[in-house]
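Reader: Hello! Could you walk me through a few local features of this model?

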Amino acid sequence: MTEETQVTIEEIDETSPHLETVIALGDANKKTLGFFTEGAFRESARDRVILIALNPQKNCIGYLLYRPVRRRNIIVIVHLCVDPAYRGRGVTKQLVNSLSQKTQNFYGIQLKCRRDYGIDRMWETLGFIPLNDRPGRSKEGKLLTVWWLDHGHPTIFSQAAAQQLESKICAVIDTSIFLELHGNEDIASAESDSLLADWLQDYLELCITDEIFKAINAISDVHLRKRKRLLGDTFTKIHCDRQAFETKFKSLNRLIPTINLHEINEALVRQLAQAIAADYLIFLTRDPKILALADALYENFSLAIMTPTDLIVKLDDVRRDTQYQPIRFVGIQNLTIQLIDSKFDKLLLTNCFHAVDRAEKIADFQRNMRQIIANPDKFKCHVILDSENQPLALIAYCQHKYHELEVTMLRVKRGGLAAALARYLLFHSISVSVKEDRQFTRIIDQHLDEIVIQAIQEDAFVRVKNGYLKANPPVAETAADMSQKLANLAKIGEEYNFCMKIAETLNTPELIQDIGTMAELERCLWPAKIIDADLPTFMIPIQPRWAKDLFDEELAKQCLFGSKIELALKRELVYYKSKSANGGLRPGVIGRILWYVSSNSSFTLGTKEVKACSRLEEVIIDKPEKLYRQFRSLGVYELKDLMTIAKDEPNADIMALRFSHTQLFPNRLTLKRIQGILGNKTTVQSVFRISKNNFGIIYKEGTET
């Protein structure tokens, strides 16, 4: 291996004594560099666009001549030449790196190089990617490859793309899958082409790395190469910080030998590193060696490895998983929620939350913020801050209407946490509305981000003339009484008419007996409960150590570190138990859960009580490892915890309960009171189903104020 030459990089002008050496090097290599007049060299020196490399003896051994293209905000390399005696010793790399550092305010660096020079590998090593081919202007018309080194700056186009990606599942595809697209009619190509189905386009964004353009560049057939480049241009290209990429690439190379998997294609490892460095969560491949690494890559980098078929079959699970994947919560251990007052930095709020991309005037935003802050009796405004006190989300609500909470501003800063924060703030708003005994939550912010709108739609808000409206009556009633209550609420005004439609449904006897319909109505009206609906309700005992992490803030405060901060942002979680003594829990059952926190000597308060109610979304029975892979983003369990439940039998079946919309009771019901309601001496040591009447009593006592 040739030792790298350490050089000093300098910028020269027309007075530099090294300019003559630069001209001489250019003339000596004009066959490959192209003709460049002495006058042009001197003019370039006057413009200070020549960098030279000096060896330790202060001799010029190479140069880089470039020009800035202001209208496109890019840098173009005109000449890059190193003395033959110093080639292959890192001089070129140091010249390019110096240029890149010097011109970081530009989008990136472009150059053109003849394909028949055979130095593509050098450009790839320097970080360039091949974009396309163009005929040269020589007599022979030799093809030139256009190479690009990106500086990673957002442009108006990349910002628009980023906004689109936030609402989709983003999956990085490997080179093999890309090259198979629109290929032969074999099984592999058919599986890859299934990713391009029309119905998937609203949910899935396929993304590609720089490595794919390198693979395209290696195709010898000029027509095929052109077709693949045109296809590549239709995909989202991922961008990552070069230093972050190098760090992840080294980490991957350290990981791979530890699990005895050698001879993995380096280009594939580089694709993985780019996906990880750019914070992507899904990587699609059929490479058996990478698929064998799936668990290790998820555990170490939170990157889910899947085949195209796996992704399509499990699309809904994947969508949920990417919202809550651990990588999105890295570095948020010190999140704080702060009430905004007149002392808060208004300019910081403007810079973070002014919706300039949604046609909001900066004066309007500032005027609204001044009104909110100046009237603390009428408005409450909170900001979520990260560990460096940088705002991540903002919510302001007005409390002047007795029957509804009015959310006047709901903003989230774009990034990995945006979707989770939007859902958390919506849930928080509804909870505040319920706590204050209001019947509705209304969102009137006219400059909502698409991520927030998507969360609003998922939470069963109804679009009205000046925003979005949701009914959330904090009551537990029979279907008949609930119908009458909603009918009365519908009389408030025309935009409340949607309540009448729900009331009519509750007056339809056959629908009241339909579990799916009643479950959906309770979701739309959360936290309202229809107590005579035939929704299965289960009393489930849970150990305090799991309760504190899944929903119980009181228990978390008794621990040194409390619960995991990311769980506070999750609306949906999973609880595991043995499949025995299931009390009627089985796959296909949906309904409600009443959580009974059992006793434990490590917790002095808040045990042996019914403390919360959740929606039971799904019951799944399977092997521990399979369940862990399916739901590892929804909770605090490790695989070893599931193995303990399975009594260390990897092939034993256990049960997973997926639940959501947990409501903590302001009034906790003791074991003695539960025994009184149920009329027996139960110790709540296992799951059991309770009747509609008993659920109504427990829920009302737990929530009444």
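Author: Happily, and let us begin with glycine 26, which sits in helix α1 (residues 19–28); helices here are DSSP runs of H or I with at least four residues, strands are E runs of at least two, and both are numbered from the N terminus. This is a predicted model, where local features need pLDDT of at least 70, side-chain atom pairs count only at pLDDT 80 or more, and totals for chains, interfaces and linings use all residues. Residues are numbered from 1 along each chain as its sequence is written, and side-chain values use heavy atoms, with hydrogens and water left out.

Reader: Is glycine 26 buried or exposed?

Author: Buried means under 20% relative accessible area, exposed over 50%, and partly exposed in between (1.4 Å probe, protein chains only). Glycine 26 has a relative accessible area of 3%, so the residue is buried.

Reader: Which residues is glycine 26 in contact with, leaving aside its neighbours within four places in sequence?

Author: Contact means heavy atoms within 4.5 Å. With neighbours within four places in sequence left aside, the contacts of glycine 26 are Leu33, Phe41 and Tyr63.

Reader: Is threonine 441 buried or exposed?

Author: Threonine 441 belongs to strand β17 (residues 440–443). Its relative accessible area is 0%, so threonine 441 is buried.

Reader: With which side chain does the side chain of threonine 441 make a polar contact?

Author: A polar contact is a pair of N or O atoms within 3.5 Å; within protein, one must be able to donate a hydrogen and the other to accept it, and residues adjacent in sequence count only if both atoms are side-chain atoms. Beyond four places in sequence, threonine 441 is in contact with several residues, including Ile430, Ser433 and Phe461. At 3.4 Å, the polar partner of its side chain is the side chain of serine 433.

Reader: How is the packing of α19 with α20 classed by angle?

Author: Axes are lines fitted to C-alpha atoms, for helices over the stretch in contact, and angles run from 0 to 180 degrees between N-to-C directions. Helix α19 (residues 418–435) and helix α20 (residues 450–458) pack at about 45°, with axes 9 Å apart. Angles under 35 degrees count as roughly parallel, over 145 as roughly antiparallel, 65 to 115 as roughly perpendicular and the rest as oblique. Therefore α19 is, relative to α20, oblique.

Reader: Which residues in α20 do Ala418, Ala419, Ala422, Arg423 and Leu426 in α19 meet?

Author: Those five α19 residues have their partners in helix α20, namely Ile451, Val452, Ala455, Ile456 and Glu458.
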